[in-house]
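I am opening a notebook on a structure that is new to me. The entries follow the order in which I looked things up.

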Amino acid sequence: MQHNILGPFGKVSRLTLGGGGIGMVWGPASEEDAIGTLHHAVEAGIDLIDTAPGYKTCEDMIARAFEGRIPQGVRITTKYGLGNPQAAEVYPRLRASLEASLAAMRISQADMMLLHTEIRPDDFVYPNNDRPRDERSTSLSLYRDAVVPAFERLVADGLIATWGITGFNHTGATIDAISSGTRPAALQAIANLMDSAGEMNGTGTPGRPRDIIAAAKANGVGVMGVRAVQAGALTAGLDRPITDDQRATGNDFDRAAPYRALCQRWGEDPAIIAHRYALGLDGVDTLVLGVKTVAELEQALAAERAGPLEPDQVAAIDALGLRSA
């Protein structure tokens, strides 16, 4: 397993095990699958596990797998979807979520806590006045005035070692957030060959994740790439029914038909090629996996061993015109 430097967070494995898969967000799996995937990831050299209370059973699976004793050298992140409450509510909400996560995993400190809502301009209005979507975002001013101080307080409390943000969709606001003041140790950014956040982008305009990644690197912020296979849209076939609120992923799967055809001509698995593409994106320090079984994890491990794609392969993929415009 290769390693990179994740900004001030330090040295990490090129692959991070994400909690969505082992929490069964990305389709059904057994508890045995989840626990086996956790153990296999650590044995394979993955030393960062990315969790969140919203990942259903993820934190419980970590507790069951490690019985409160995280293997030496392995670090844990957690997140919280804050929304946009009153400033006075920020610290109590973050702390309450963090304490619940720590209790669920049977640990006393998280190595990093990330804001799990996108940072938006103060005056931004979501299409069709989408209030539920607005509640899943945090205004730039609230981030600066209340979220940053709250995270710093949690560090002083000894409950987290450092903190980070979600860098999705609102390119300008995200870049503003990391360009001045106290900077996060890391951010999570979309890292796939379509530049697509799928249903996670409700802004009405495409995000520019590569600009966010470049800005993070310019400001000394580590980058955790996510959605390498865009929730399954860049695999050989979706393994779960697509619900109405996942329609964007279904649309991406349909749009990616030429990509699957290209992989077929190469005699390659689309999931492995998608992971290799993401691993080769400039500025991505570690790639967060959404796998839920050992078999899916093995695909990602094979991609990491193979390394980034050759330039002509990247060019052939980009020539398909699948990147968000």
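**Entry 1: the core.** I started with the nonpolar cores of this predicted model. The largest one has 82 residues. I listed the members with the most contacts inside it and got Leu-38, Tyr-143, Phe-151, Leu-154, Leu-193 and Tyr-259. I then asked which helix gives the most to this core. It is α6, spanning residues 140–157, with nine residues.

I took Leu-38 from that list and looked up its contacts, leaving aside neighbours within four places in sequence. Leu-38 is in contact with Leu-17, Ile-22, Ile-49, Met-61, Ile-62, Ala-65 and Phe-66. I also noted a second core, separate from the largest one, with 14 residues. Ala-185, Ala-186, Ala-197 and Met-224 are among them.

**Entry 2: Thr-37.** I moved to Thr-37, which lies in helix α2, residues 31–43. Is Thr-37 buried or exposed? I count Thr-37 as buried because its relative accessibility is 0%, and the cut-off for buried is under 20%. Not counting residues up to four places away in sequence, Thr-37 touches Leu-17 and Ile-22, both of which are also in contact with Leu-38. The other residues that Thr-37 touches are Val-291, Lys-292, Thr-293, Val-294 and Leu-297.

**Entry 3: cysteines.** I wanted to know how many disulfides a search of the whole structure finds. The search finds zero. I looked up two cysteines as well. Cys-58 has a relative accessible area of 0%, so I wrote it down as buried. Cys-263 counts as buried too, at 0% relative accessibility.

**Entry 4: helix α7.** This helix covers residues 171–179. I asked which of its residues are buried. They are Thr-171, Ala-173, Thr-174, Ala-177 and Ile-178. These buried residues pack against two helices, α6 and α8, and against the strands β6, β8 (163–166) and β9 (186–190). Gly-181 follows α7 and has a positive phi, near 75°.

**Entry 5: a loop with positive phi values.** I looked between β6 (112–120) and α5 (131–134), where the loop holds Asn-128. Asn-129 is found in this loop between β6 and α5 as well. Phi of Asn-128 is positive, near 60°, in a residue that is not glycine. Phi of Asn-129 is also positive, near 50°, and this residue is not glycine either. I checked the accessibility of Asn-128 and found a relative accessible area of 80%, so it is exposed.

**Entry 6: the second largest pocket.** I recorded a volume of about 180 Å³ for this pocket. Of the 19 residues that line it, the closest to its centre are Ser-196, Ala-197, Gly-198, Asn-201 and Ser-324. Two elements give two or more residues to the lining, namely α8 (209–218) and α9 (247–255). Which of the elements gives the most to the lining? It is α9, with four residues. I sorted the lining by type and got seven nonpolar, eight polar and four charged residues. Ala-197, which I had met in the second core, is one of the residues closest to the pocket centre.

**Entry 7: Asn-251 and Ile-242.** Staying with α9, I looked up Asn-251, which has its place in this helix. Asn-251 is partly exposed because its relative accessible area of 38% falls between the cut-offs of 20% and 50%. From C-alpha to C-alpha, Asn-251 and Cys-58 are 27 Å apart in space, and 193 residues apart in sequence.

Ile-242 is placed in the loop between β10 (222–226) and α9. With a relative accessible area of 24%, Ile-242 is partly exposed. Leaving aside neighbours within four places in sequence, Ile-242 is in contact with Arg-247, Thr-249 and Gly-250. I also looked up its separation from Ala-315: 73 residues in sequence, and 30 Å from C-alpha to C-alpha.

**Entry 8: Ala-88.** My last item was Ala-88, found in helix α4, residues 87–105. Is Ala-88 buried or exposed? At 69% relative accessibility it is over the cut-off of 50%, so I counted Ala-88 as exposed. Its C-alpha atom is separated by 32 Å from that of Leu-48, and the two residues are 40 residues apart along the chain.

Methods
Residues numbered from 1 in each chain as written. Predicted model: local features only at pLDDT ≥ 70, side-chain atom pairs only at ≥ 80, totals over all residues. Heavy atoms only, no water. 1 Å grid on protein atoms, 1.4 Å probe; cavity = no way out; pocket = protein on both sides within 12 Å on 5 of 7 lines; lining within 4 Å. Points joined across faces, edges and corners; volume = space filled by probe spheres on them. Nonpolar A, V, L, I, M, F, W, Y, C, P; charged D, E, K, R; others polar. Core = buried A, V, L, I, M, F, W, Y, C linked by side-chain atoms within 4.5 Å. Buried < 20%, exposed > 50% of the residue type's maximum accessible area, 1.4 Å probe, protein only. Contact = heavy atoms within 4.5 Å. Disulfide = S-S within 2.5 Å.
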